[in-house]
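Biologist: I would like to go through this model with you. Let us take it term by term.

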Amino acid sequence: MKPLAEHLRPQQLSDFFGQSHLFSDTHPLKQAIDNQKLHSMILWGPSGTGKTTLARIIATQVGGHFEKMNAVLDGVKEIRSVVENAKKFQNFDKNTILFIDEIHRFNKAQQDAFLPHIESGLVTLIGATTQNPSFELNSSLLSRLSVYVLQPLNALELGQILARASAHTKLQLADAVAKRHIINASSGDARRLLNIVEQISLANLDKLDRNSIAQLLQEKISVFDKGGDIFYQQLSAFHKSVRGSSPDGALYWMARMLVGGCDPKTIVRRLLAIASEDIGNADPRALEITLNAAQVFDRLGEKEGNRAIAQAAVYCAVAPKSNALYQAFNQAIDAAKASSDLPVPKHLCNAPTGLMRDLGYGEGYRYSHNETDAIAKGQRYFPDDLGEQQYYVPTQRGLEVKISEKIKQLRGLS
């Protein structure tokens, strides 16, 4: 028995819901279909946005021979078979359109195997992926493909699919709240919506209202891919909320990630990075508080530990911000790479042996604790050929206001 999603799979563009941004008359994809001059491409978007369906419709509309592979199941043997079939169809002046689902799963060698056949025009490749192509595909392959982004379906588009599915299954959804609940539970995923409708129709519920549907579906499954692009985008939103001093945004994105199954340790690790990168010496307590939150999580587990991480997230969000230390350290790294052959000045070297003392190691070094205010005025701390440098420039925020005053005093004594 075919799943409902397969029964209702659109066969032509007029029945395809969503992705209207790809089908304006000026869009390259629409023009390629209309002109029967298809090019190789990547369809990048979340699950249930119509990547496979769209590939099939495109192949039908341009009259190509359609081949399908799945990067999880297929390998070199299947690639060779597709190439041989494509050569046969080429003899009849028929182009082969090869659709590869989850193309990001192919390794580098497998991806490279398609290059000569794309360049020769033997196959037109349509790859589908939920992952960011710029991270997951070889640059050599990606440079030969157009990338089209598919968006999650909106409520109106999902409502149209729900109406069609309800008519097919003869579901009577008179309750507008129940319909909205199904649409919300779908999270922009057409396949998920159809699976929900199929689940409801098989359950033979006496009453199709919000409560009965909610009980059947229980909790909505959040959209979160721990290894994919959604993960990094949500983590980025969390980081930028903290950096932007929005405690509410930080709590929201943290909650989104936790509800979706993110390991809380991933969040606290990002907070530790924020404490040094975006807060730094403007408020050194941010690093301490975040480390304490990590320890609470390790000792008490998720329930209490997550609250401690949330406390640290809010503290970091409202703390004064400074990336002065971050910038200074990067400048020091660059300078170290550019001057890695410069010797340590002799007065800064240790002299544990008599020979080293005879060679002048340590000669002229002034022990700071023996100096007034524990500062050896005028002593140099950089290689002679480099000269004294200034990397760290504190901001006028938080504790760095006082640090700035101290550094001015210290540098004035040099």
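**Helix H18, ring pairs and cysteines**

Modeller: Ala324, Ala328 and Ala335 are buried residues of H18. Buried means under 20% relative accessible area, exposed over 50%, and partly exposed in between (1.4 Å probe, protein chains only). Helices (H or I, at least four residues) and strands (E, at least two) are DSSP runs, numbered from the N terminus.

Biologist: What puts these three on the same side of H18?

Modeller: Ala324, Ala328 and Ala335 cover an arc of only 25 degrees around the axis, so they lie on the same side of H18. The arc is that of the directions from the helix axis to the C-beta atoms. The buried residues of H18 pack against helix H20 (400-412). Contact here means heavy atoms within 4.5 Å. The face turned away from the buried side carries the exposed residues Phe329, Asp334 and Lys337.

Biologist: What kind of model is this, and how are residues numbered?

Modeller: The model is predicted: local features need pLDDT of at least 70, side-chain atom pairs count only at pLDDT 80 or more, and totals for chains, interfaces and linings use all residues. Residues are numbered from 1 along each chain as its sequence is written, and side-chain values use heavy atoms, with hydrogens and water left out.

Biologist: How many aromatic pairs does a search of the whole structure find?

Modeller: Five. Rings of Phe, Tyr and Trp (its six-membered ring) pair if their centres lie within 6.5 Å; planes under 30 degrees apart count as stacked, over 60 as edge-to-face and the rest as tilted.

Biologist: Why is the pair of Phe16 and Phe23 called edge-to-face?

Modeller: The ring centres of Phe16 and Phe23 are 6.2 Å apart, and the planes stand at 85 degrees, so the pair is edge-to-face. Phe16 has 10% relative accessibility, so Phe16 counts as buried. Phe23, at 18%, counts as buried too.

Biologist: What makes Phe66 and Phe99 a stacked pair?

Modeller: Their centres are 6.3 Å apart, with 20 degrees between the planes. The pair links distant parts of the chain: Phe66 is in strand S2 (residues 65-70) and Phe99 in strand S3 (residues 96-101), 33 residues apart. Phe66 has a relative accessible area of 21%, so Phe66 is partly exposed. Phe99, at 0%, counts as buried.

Biologist: Why does Cys316 have no bond to Cys262?

Modeller: A disulfide is a pair of cysteine sulfur atoms within 2.5 Å. The closest cysteine sulfur to that of Cys316 is in Cys262, 16 Å away, so it is too far for a bond. The whole structure has zero disulfides.
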